[in-house]
Amino acid sequence: MEIRPAQPSDHPAIARIIVPTIRAGETYAVDPLLSEADAVAYWTGADRETFVADRDGAVFGTYYLRANQAGGGSHVANCGFMTDADAAGHGIGRAMCQHALDQARQHGFTAMQFNGVVSTNTRAVKLWQRLGFDVVGRIPGAFRHPRFGDVDALVMFRAL
């Protein structure tokens, strides 16, 4: 598997991954009714670098890397990750996060923070913890889950 910068030609594959996740409304605080074009524009915005996990020309995952905040917070990286539903559990998320950590270091970031990991997304929470992230904050009821109602959002952090 190769993890590489996304190209405009990858946008249909990125859409195939991110649109169902956004529509499900279970893991990202993004309007689930975003159009496909707006979803791709969000994921590949000018304020971030977007990457894809590619195996033999097929894209199975995507992530973006950006500064978590501007100015005094610009030394802390932030990322978003999505994996093709059919490829879940095959190490793609882990590989993308390890790649993101390396990229963040190369860009001079000194830490990485995830601002709102949905507490019911236990697979992601466990993966981030295995990769050295700590839960440094819990925001009660901050995410309106379509099945579980209002659930906590976790702030996760690790130094680089």
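These legends walk through several close-up views of a predicted model.

**View 1. The sheet and its two edges.** Let's start with the sheet, which is open and built from seven strands. Going across, the strands come in the order 1-2-3-4-5-7-6, and their pairing is mixed. Strand 1 (2–5) and strand 6 (134–145) stand at the edges. Each of these two has just a single partner strand, so one of its sides has no neighbour in the sheet. On average, neighbouring strands here are turned by 25° against each other, if you ignore direction.

**View 2. Strand 5 meets strand 7.** Zoom in on strand 5 (residues 111–118) and strand 7 (residues 149–159), which run antiparallel. Six bridges join them. To get your bearings, find M112: standing opposite, in strand 7, is R158.

**View 3. Two helices packed on the sheet.** Helix 2 (residues 36–43) packs on the sheet and touches strand 2 (49–55), strand 3 (58–67) and strand 4 (76–83). Its direction makes about 55° with that of strand 3. Helix 3 (residues 92–106) packs on the sheet too, touching strand 1, strand 2, strand 3, strand 4, strand 5 and strand 7. For helix 3, the angle with the direction of strand 3 is about 35°.

**View 4. The two faces of helix 4.** Which residues of helix 4 (residues 122–130) are buried? They are A124, V125, L127 and W128. Look down the helix axis and the buried residues of helix 4 fall within an arc of 165°, so they line one face. A handy rule helps here: an α-helix has 3.6 residues a turn, so residues three or four places apart point the same way. On the face turned away from the buried side of helix 4 you'll find the exposed residues R123, K126 and R130. The buried residues of helix 4 are covered by parts that include strand 4, helix 3, strand 5 and strand 7. After helix 4 comes G132, with a positive phi near 100°.

**View 5. W43 and its aromatic partners.** The structure holds 11 aromatic pairs, and here are two of them. Y28 and W43 pair edge-to-face, with 5.9 Å from centre to centre and 70° between the planes. This pair links distant parts of the chain, 15 residues apart: Y28 sits in the loop between helix 1 (11–24) and helix 2, while W43 is in helix 2. Is W43 buried or exposed? W43 has a relative accessible area of 0%, so it counts as buried. Y28 is buried as well, at 18%.
The rings of W43 and Y64 have centres 4.7 Å apart and planes at 75°, so this pair is also edge-to-face. Since W43 lies in helix 2 and Y64 in strand 3, the pair ties together parts that are 21 residues apart in sequence. Y64 is buried, with 4% relative accessibility.

**View 6. An aromatic cluster, and arginines over rings.** F51, Y63, F81, F114, W128 and F133 get together in one aromatic cluster. You've met W128 already, among the buried residues of helix 4. Now look for two arginines that lie over aromatic faces. R48 lies over the face of Y42, 5.0 Å from the ring centre. R55 lies over the face of F60, at 5.6 Å from the ring centre.

Notes:
Residues numbered from 1 in each chain as written. Predicted model: local features only at pLDDT ≥ 70, side-chain atom pairs only at ≥ 80, totals over all residues. Heavy atoms only, no water. Pairing = 2+ DSSP bridges. Helix = DSSP H or I, 4+ residues; strand = E, 2+ residues; numbered from the N terminus. Axes fitted to C-alpha atoms, helices over the stretch in contact; angles between N-to-C directions. Contact = heavy atoms within 4.5 Å. Buried < 20%, exposed > 50% of the residue type's maximum accessible area, 1.4 Å probe, protein only. Arc of directions from axis to C-beta. Phe/Tyr/Trp six-rings, centres within 6.5 Å; stacked < 30°, edge-to-face > 60°. Lys NZ or Arg CZ within 6 Å of the ring centre and 35° of its normal.
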